[in-house]
Amino acid sequence: MIKRLIRTILIILAILLLIAAVLGALYYFTEPRITLKGESSMEVTMKEGYQEPGYEAKFWFKDITSHVKVSSDLNDKKVGEYVVKYSVNFLKKTASTTRTVKVVDKEPPVITLNEGSSIKVPITGKFEDPGYTAQDDSDGDVTGSVEAKGIVDTYHTGTYTITYSVTDSYGNAATEKRSVTVEGEPEEKKNKVIYLTFDDGPSDSVTPQVLDTLKKYNVKATFFIIDYGESAEKIELLKSAIAQGHTIGIHGYSHDYSEIYKSVPAFMENITTLEEKIRNDLDYEPFIIRFPGGSSNTVSENYCEGVMSDLVTKVQEEGYYFTDWDVDSTDASGNNISTDQIISSVKRACSENQYNIVLMHDSDAKQTTAEALPEIIEWAKEEGYTFAAMEKGGPTVHHTVNN
Ligand code: ZN
């Protein structure tokens with residue numbers, strides 16, 4: 001009887017021991033477990049910020065989530081890669097895991113235009129950009145990086161567009177546009193100024209004579225040039241023209257109508273190629289264009305219908321003034337036009353009621369233009385005219401577009 005009892009007790013003890021051993025083994029070999037909700041590697045934007053997606057922790061079947069400690073240096077207002085650490089200590093057993101959080105900036109800067117996105121300027125008034133500010137969530141004040149593109153030619157009524165753009169350090173770009181309307185009736189012009197302009201140069205033979213005459217009479221003028229090749233002499237000519245105070249304008253890298261007027265992009269490339277070259281060779285920023293054939297030309301119609309209508313807007317939006325002429329010297333109306341014809345054409349067409357932007361040429365074939373120049377200047381001075389080079393914000397003449 002006792003024997004049986006002892007045996008039973010022993011069996012029970014053995015079972016208890018076994019259970020204790022199993023439990024002990026289970027305790028020994030089991031770790032707490034932390035399970036992350038959401039991705040263990042996530043990307044959040046600065047704007048949406050970081051929100052802890054949650055976690056769970058268990059030890060066997062026991063929920064020990066409340067024992068989990070979360071630590072991190074995460075700053076979701078600053079771009080970077082951060083680690084969130086989750087750790088738990090339960091019954092002297094520890095476990096930990098991490099989550100990687102990448103904070104990215106997807107927000108463009110905010111550009112604020114002073115005086116709003118639509119302003120008005122009286123004709124022949126001065127346009128001064130009222131300014132702007134730009135703020136970025138990552139970069140802070142980025143006003144200094146804003147690029148404003150587009151011109152307002154206050155000598156012509158119409159609506160002009162200025163485009164402001166800026167990109168933050170993470171490639172987020174912002175753009176704002178301002179429309180500037182030039183309105184009103186122009187006043188009568190009684191300035192008695194003449195703007196001599198020379199197209200199609202520089203040439204080795206005619207341009208030096210023109211420059212000498214201008215220098216002799218202390219007259220400033222404007223040269224709308226085409227590609228001058230790699231000629232060191234021509235570069236020197238242009239540099240001395242700049243040094244003498246003349247304006248260098250863009251006529252175009254090529255003068256070939258079939259090439260330059262086949263499309264808007266083709267025309268713009270013809271402008272920017274020459275502009276780049278001028279900038280590199282002459283350290284000069286051209287700001288004004290003369291369309292080959294003038295903005296009123298109809299020849300462009302053979303290559304692209306409507307191209308001039310698009311171009312007059314496009315070049316101004318890209319930041320260039322353009323000018324035609326209101327005095328034609330007729331030096332391009334044929335070969336070897338006589339000096340008499342050139343002189344009388346200019347005399348006849350100049351008037352104090354207009355801007356007197358005189359079309360002339362200084363290509364190799366225009367020797368008579370160089371010869372006519374002294375008499376034109378002397379006559380104009382006697383008549384009380386002064387001379388000026390074209391300037392930013394100064395008068396321009398626009399023909400009626402015919403294509
Ligand atoms: Zn030309």
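**Group meeting: a sheet, a helix pair and two spaces in a predicted model**

Let me begin with strand pairing: strand E12, residues 147-149, is joined to strand E13, residues 158-167, by 3 bridges, and the two run antiparallel. Please keep in mind throughout that the model before you is a predicted one.

Within that pairing, Glu147 has Ser165 of E13 standing opposite. E13 also pairs with strand E14, residues 173-183, again in the antiparallel sense, and here the count is 10 bridges. Two partners may help you to find the register on the screen: Val166 is bridged to Ala174 in E14, and Thr161 has Ser179 in E14 as its bridge partner. As a general reminder, the strands of a sheet pair through backbone hydrogen bonds, either parallel or antiparallel.

How many residues lie between E13 and E14 in their hairpin? There are 5, and in that turn Gly171 has a positive phi of about 85 degrees.

We may now place these strands in their sheet. The sheet is open, with 4 strands in the order E9-E14-E13-E12 and mixed pairing. Its edge strands are E9, residues 118-122, and E12, each of which pairs on one side only. From one strand to the next, the twist averages 25 degrees.

I turn next to two helices. H2 and H8, the latter covering residues 367-382, pack with their axes 9 Å apart and at an angle of about 10 degrees. Are they roughly parallel or roughly perpendicular? An angle under 35 degrees counts as roughly parallel, and H2 and H8 are therefore roughly parallel to each other. On the H2 side, the residues that meet H8 are Val206, Gln209, Val210, Thr213 and Leu214. On the H8 side, their counterparts are Gln367, Ala370, Leu373, Pro374 and Ile377. By class, this contact holds 7 nonpolar and 3 polar residues, with no charged ones.

H2 also takes part in enclosing empty space. Rolling a probe the size of a water molecule over the atoms shows where such space is left. Searching the whole structure gives 1 cavity of 30 Å³ or more, and the largest cavity holds about 40 Å³ of space. Which elements supply at least two residues each to its lining? They are helix H2 (206-216), strand E16 (222-226) and helix H3 (232-243). H3 gives the largest share, with 3 residues. The complete lining consists of Pro202, Thr207, Leu211, Phe223, Ile225, Leu237, Leu238, Ala241 and Asp362. Sorted by class, 7 of these are nonpolar, 1 is polar and 1 is charged.

One lining residue of this cavity, Pro202, deserves a second look. Pro202 sits in the loop between strand E15 (193-199) and H2, and the peptide bond leading to Pro202 from Gly201 is cis, with omega near 0 degrees.

A further backbone feature is found at Asn336, which has a positive phi of about 50 degrees although it is not a glycine. Asn336 belongs to the loop between strand E20 (327-328) and helix H7 (339-349).

Finally, I come to the largest pocket, which contains about 440 Å³ of space. Of the 20 residues lining this pocket, those closest to its centre are Phe127, Gly150, Ile151, Val152 and Tyr321. The lining of the largest pocket comprises 9 nonpolar, 6 polar and 5 charged residues. For the largest cavity, by comparison of class counts, the figures were 7 nonpolar, 1 polar and 1 charged. Thank you.

Notes. Residues are numbered from 1 along each chain as its sequence is written. This is a predicted model: local features need pLDDT of at least 70, side-chain atom pairs count only at pLDDT 80 or more; totals for chains, interfaces and linings use all residues. Side-chain values use heavy atoms; hydrogens and water are left out. On a 1 Å grid over the protein atoms alone, a cavity is a set of points where a 1.4 Å probe fits but cannot get out, and a pocket is an open set with protein on both sides within 12 Å along at least five of seven lines; lining residues have an atom within 4 Å of a point. Grid points are joined across faces, edges and corners, and a volume is the space filled by probe spheres set on the points. Ala, Val, Leu, Ile, Met, Phe, Trp, Tyr, Cys and Pro count as nonpolar, Asp, Glu, Lys and Arg as charged, and the others, Gly among them, as polar. Axes are lines fitted to C-alpha atoms, for helices over the stretch in contact, and angles run from 0 to 180 degrees between N-to-C directions. Angles under 35 degrees count as roughly parallel, over 145 as roughly antiparallel, 65 to 115 as roughly perpendicular and the rest as oblique. Contact means heavy atoms within 4.5 Å. Two strands pair if DSSP finds at least two bridges between them.
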